[in-house]
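User: I would like a close look at one part of this protein. Please keep it brisk, and set that part against the rest of the chain.
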Amino acid sequence: MPKKTNLTIVSWNVNGIRACVKKGFLEYLHTDLPDILVLQEIKAMPENLDESVLQPSGYHSVWHSAQRKGYSGVGLLTKIKPLNVVCGLGVEAFDCEGRVIMADYGKFVVFGVYFPNGQMGPHRLAYKLDFYEAFFAMTDDLIAQGRHVIICGDYNTAHRAIDLANPKENEKNSGFLPEERAWMDRLESRGYVDTFRHFYPDTVQYSWWTPRFGARSRNIGWRIDYCLVNQAFLPSVSTAFIQTERLGSDHCPVGITISVD
């Protein structure tokens with residue numbers, strides 16, 4: 001019987017990679033040694049990154065920045081060289097904001113995604129929901145082809161009341177609107193599994209805290225960072241975790257451990 005390999009896949013919205021580096025990002029990377037790390041909101045162009053960040057020792061790296069400087073952007077750091085890496089969805093209206101990296105490892109495909117925030121008004125909420133539609137239509141197609149998908153990132157939506165500290169007060173705020181939460185329901189009904197909630201159905205744990213009001217020290221947060229997998233791949237996921245103790249951003253890392261042949 002072939003020996004299985006355990007791999008750790010981590011997602012982290014760093015809220016500015018250069019700022020996060022000053023707060024210990026590289027120490028985290030070389031201490032925790034994730035096999036695959038996807039980053040959101042890097043807020044930097046590759047040419048503005050130091051070599052130690054751009055190409056850390058032991059990792060292959062890919063950076064997909066937004067056209068607008070200091071905004072959005074995603075990154076991939078991976079010990080295992082993927083068979084292929086694709087940046088973007090092929091839709092200019094989304095890809096100009098640097099929101100998606102796809103890495104194909106053969107047995108599975110890892111996505112690092114920075115889903116839009118809808119708080120700027122109705123036009124951005126519509127943009128966010130259109131992005132959900134386009135992105136998951138693409139992953140549905142991959143699953144229909146027999147592929148396994150791991151979709152990690154900042155979804156910018158808390159699914160249920162357990163996923164934020166003050167649900168009642170936020171029912172009319174983007175991130176917990178009925179239409180956003182309905183999207184998470186639809187994903188569940190289409191066979192995508194929220195890995196953390198699968199392993200910890202009743203655990204209250206958050207992944208983002210507003211920088212105001214001492215929210216993190218008081219643990220007044222939201223769980224908006226997820227690792228979703230297709231149902232058929234779930235037996236390969238051995239655990240899921242949220243690293244609330246890791247500082248460096250207003251988000252903390254989240255991830256899964258998988259076991260593959």
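Which residues does Thr257 touch, not counting residues up to four places away in sequence?

Analyst: Start with the contacts. Thr257 touches Asn6, Leu7 and Thr8. Thr257 also touches Ser236, Val237, Ser238, Thr239 and Phe241. Residues up to four places away in sequence are left out of that list. The model is predicted, and every value here is computed from it.

Now the setting. Thr257 sits in strand S12, which covers residues 254-260. Is Thr257 buried or exposed? Its relative accessibility is 15%, so Thr257 counts as buried, the limit being under 20%.

Next, the chain around that strand. The protein chain holds seven helices and 12 strands. Its radius of gyration is 17 Å, close to the 18 Å from the globule rule for 261 residues, so the chain is as compact as a globular protein of that length. Along the principal axes, the C-alpha atoms fill a box of roughly 50 × 40 × 35 Å. Of the 261 residues, 54% count as buried. The contact pattern can be put in one figure. Take contacts between residues at least 6 apart in sequence: 69% of them join residues at least 24 apart. The accessible surface comes to about 11,700 Å², and carbon and sulfur atoms account for 53% of that.

Compare a second strand residue. Asp104 is found in strand S6. At 15% relative accessibility, Asp104 counts as buried. Asp104 touches Pro82, Leu83, Asn84, Val109 and Arg147, again not counting residues up to four places away in sequence. One distance helps to place this residue. Asp104 and Glu133 are 29 residues apart along the chain, and their C-alpha atoms are separated by 21 Å.

Asp104 carries a charge type that leads on to the charges overall. The chain has 27 positive and 29 negative side chains. The centres of the two sets lie 3 Å apart. Side chains of opposite charge can pair when their charged atoms come close. The count of salt bridges comes to 14.

Take three of these pairs in turn. Arg124 forms a salt bridge with Glu97, with the closest N and O atoms 3.0 Å apart. This pair links distant parts of the chain, 27 residues apart. Arg124 is in helix H5 (residues 122-144). Glu97 is in the loop between helix H4 (92-95) and strand S6 (100-104). Arg124 is buried, with a relative accessible area of 14%. Glu97 is buried too, at 10%.

Asp163 and Arg197 meet in another salt bridge, at 2.7 Å from N to O. That pair also links distant parts of the chain, 34 residues apart. Asp163 lies in the loop between strand S8 (149-154) and helix H6 (178-189). Arg197 lies in helix H7 (residues 195-199). The relative accessible area of Asp163 is 1%, so Asp163 is buried. Arg197 has 11% relative accessibility and counts as buried.

The third pair is Lys168 and Glu171, whose side chains meet in a salt bridge at 3.6 Å, N to O. Lys168 counts as exposed, at 63% relative accessibility. Glu171 has 36% and counts as partly exposed. Shared partners matter elsewhere: salt bridges join Asp163, Asp194, Arg197 and Arg223 into one network.

Two loop residues have backbone angles to check. Ser72 has phi near 50 degrees, a positive value in a residue other than glycine. Ser72 is placed in the loop between strand S3 (60-64) and strand S4 (74-78). Its relative accessible area is 1%, so Ser72 is buried. Asn156 is not a glycine either, yet has a positive phi of about 60 degrees. Asn156 lies in the loop between S8 and H6. That loop also holds Asp163. At 10% relative accessibility, Asn156 counts as buried.

Back to the part you asked about. Thr257 is a buried residue in strand S12. Its contacts include Asn6 and Phe241.

Conventions
Residues numbered from 1 in each chain as written. Predicted model: local features only at pLDDT ≥ 70, side-chain atom pairs only at ≥ 80, totals over all residues. Heavy atoms only, no water. Helix = DSSP H or I, 4+ residues; strand = E, 2+ residues; numbered from the N terminus. Rg over C-alpha atoms; globule rule 2.2 N^0.38 Å. Buried < 20%, exposed > 50% of the residue type's maximum accessible area, 1.4 Å probe, protein only. Contact = heavy atoms within 4.5 Å. Areas by Shrake-Rupley, 256 points an atom, 1.4 Å probe, with all protein chains shown as cover. Charge placed at Lys NZ, Arg CZ, Asp CG, Glu CD. Salt bridge = Lys/Arg side-chain N within 4 Å of Asp/Glu carboxyl O.
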